[in-house]
Amino acid sequence: YCIMQMFHTVFSPEIGKSLAMIGYIQPIGSLIEISEIQAQWLGMIITGRCTLPSKLVMKERIIKDKVRRL
């Protein structure tokens, strides 16, 4: 199972999968558990078991999430 919505807290649409920011988030829960999930998901991206959405889809989702938080 691939969690595509997680990309905006780990990857930049402009850079893609060549740079990942693990643990760079202010969670409501524990940072350690979230970082572990992000790292596992990154492993899935690197090994090809999961893919990132297109740059356009990533940008659209980021905008929707920002509007929803307002």
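**Exercise 1. Locate F11 and characterise its surroundings in this predicted model.**

*Solution.*
Step 1. F11 is found in the segment before α1.
Step 2. The relative accessible area of F11 is 4%. Because buried means under 20%, F11 is classed as buried.
Step 3. Not counting residues up to four places away in sequence, F11 touches G16, K17, L19, A20, W41, L42, I45, L52 and M58.
Step 4. A further distance places F11 relative to T51: the two are 40 residues apart in sequence, and their C-alpha atoms are 12 Å apart in space.

**Exercise 2. How many aromatic pairs does the structure hold, and what is the geometry of the pair formed by F11 and W41?**

*Solution.*
Step 1. The structure holds one aromatic pair.
Step 2. In the pair of F11 and W41, the rings are 5.4 Å centre to centre, with 65° between the planes.
Step 3. Since planes over 60 degrees apart count as edge-to-face, the pair is edge-to-face.
Step 4. W41 lies in helix α1 and F11 in the segment before α1 (31-47), so the pair ties together parts that are 30 residues apart in sequence.
Step 5. Both F11 and W41 are buried.

**Exercise 3. Identify the residues of the largest nonpolar core and the elements that give two or more residues to this core.**

*Solution.*
Step 1. The largest nonpolar core has 11 residues in all: F7, V10, F11, W41, L42, M44, I45, C50, L52, M58 and I62.
Step 2. The elements giving two or more residues to this core are α1 and α2.
Step 3. The most is given by α1, with four residues.
Step 4. One member of the core is I45. Not counting residues up to four places away in sequence, I45 touches F11, K17, C50, T51 and L52.
Step 5. As general background, nonpolar side chains tend to be buried together in soluble globular proteins.

**Exercise 4. Describe the span of helix α2 and the placement of its buried and exposed residues.**

*Solution.*
Step 1. Helix α2 comprises residues 55-69, 15 residues in number. From its first C-alpha to its last, α2 reaches 21 Å, close to the 21 Å expected at 1.5 Å a residue.
Step 2. The buried residues of α2 are M58, I62 and D65. They cover an arc of only 65° around the axis, which puts them on the same side of α2.
Step 3. A general rule assists here: an α-helix has 3.6 residues a turn, so residues three or four places apart point the same way.
Step 4. The face of α2 turned away from its buried side carries the exposed residues L56, I63, K64, V67 and R68.
Step 5. V67 has a relative accessible area of 55% and is exposed. The C-alpha atoms of V67 and G16, 51 residues apart along the chain, are separated by 23 Å.
Step 6. K55, also in helix α2, is partly exposed, with a relative accessible area of 42%. Leaving aside its neighbours within four places in sequence, K55 is in contact with P13 and E14. Between the C-alpha atoms of K55 and G29, 26 residues apart along the chain, the separation is 29 Å.

**Exercise 5. Where do S35 and G48 lie, and is each of them buried or exposed?**

*Solution.*
Step 1. S35 is found in helix α1, whereas G48 lies in the loop between α1 and α2.
Step 2. S35 has a relative accessible area of 17% and is buried. G48 has a relative accessible area of 53% and is exposed.
Step 3. Leaving aside its neighbours within four places in sequence, S35 is in contact with I22 and G23.
Step 4. G48 and I62 are 14 residues apart in sequence, with 23 Å between their C-alpha atoms.

**Exercise 6. What are the helix and strand counts, the radius of gyration and the buried percentage of the protein chain?**

*Solution.*
Step 1. The protein chain has two helices and zero strands.
Step 2. Its radius of gyration is 12 Å, close to the 11 Å that the globule rule gives for 70 residues, so the chain is as compact as a globular protein of that length.
Step 3. Taken along the principal axes, the C-alpha atoms fill a box of roughly 30 × 30 × 20 Å.
Step 4. Buried residues make up 26% of the 70 residues.
Step 5. Of the contacts in the protein chain with a separation of 6 or more, 57% are accounted for by residues 24 or more positions apart.

Terms used
Residues numbered from 1 in each chain as written. Predicted model: local features only at pLDDT ≥ 70, side-chain atom pairs only at ≥ 80, totals over all residues. Heavy atoms only, no water. Expected span 1.5 Å × (residues − 1). Buried < 20%, exposed > 50% of the residue type's maximum accessible area, 1.4 Å probe, protein only. Arc of directions from axis to C-beta. Phe/Tyr/Trp six-rings, centres within 6.5 Å; stacked < 30°, edge-to-face > 60°. Core = buried A, V, L, I, M, F, W, Y, C linked by side-chain atoms within 4.5 Å. Contact = heavy atoms within 4.5 Å. Rg over C-alpha atoms; globule rule 2.2 N^0.38 Å.
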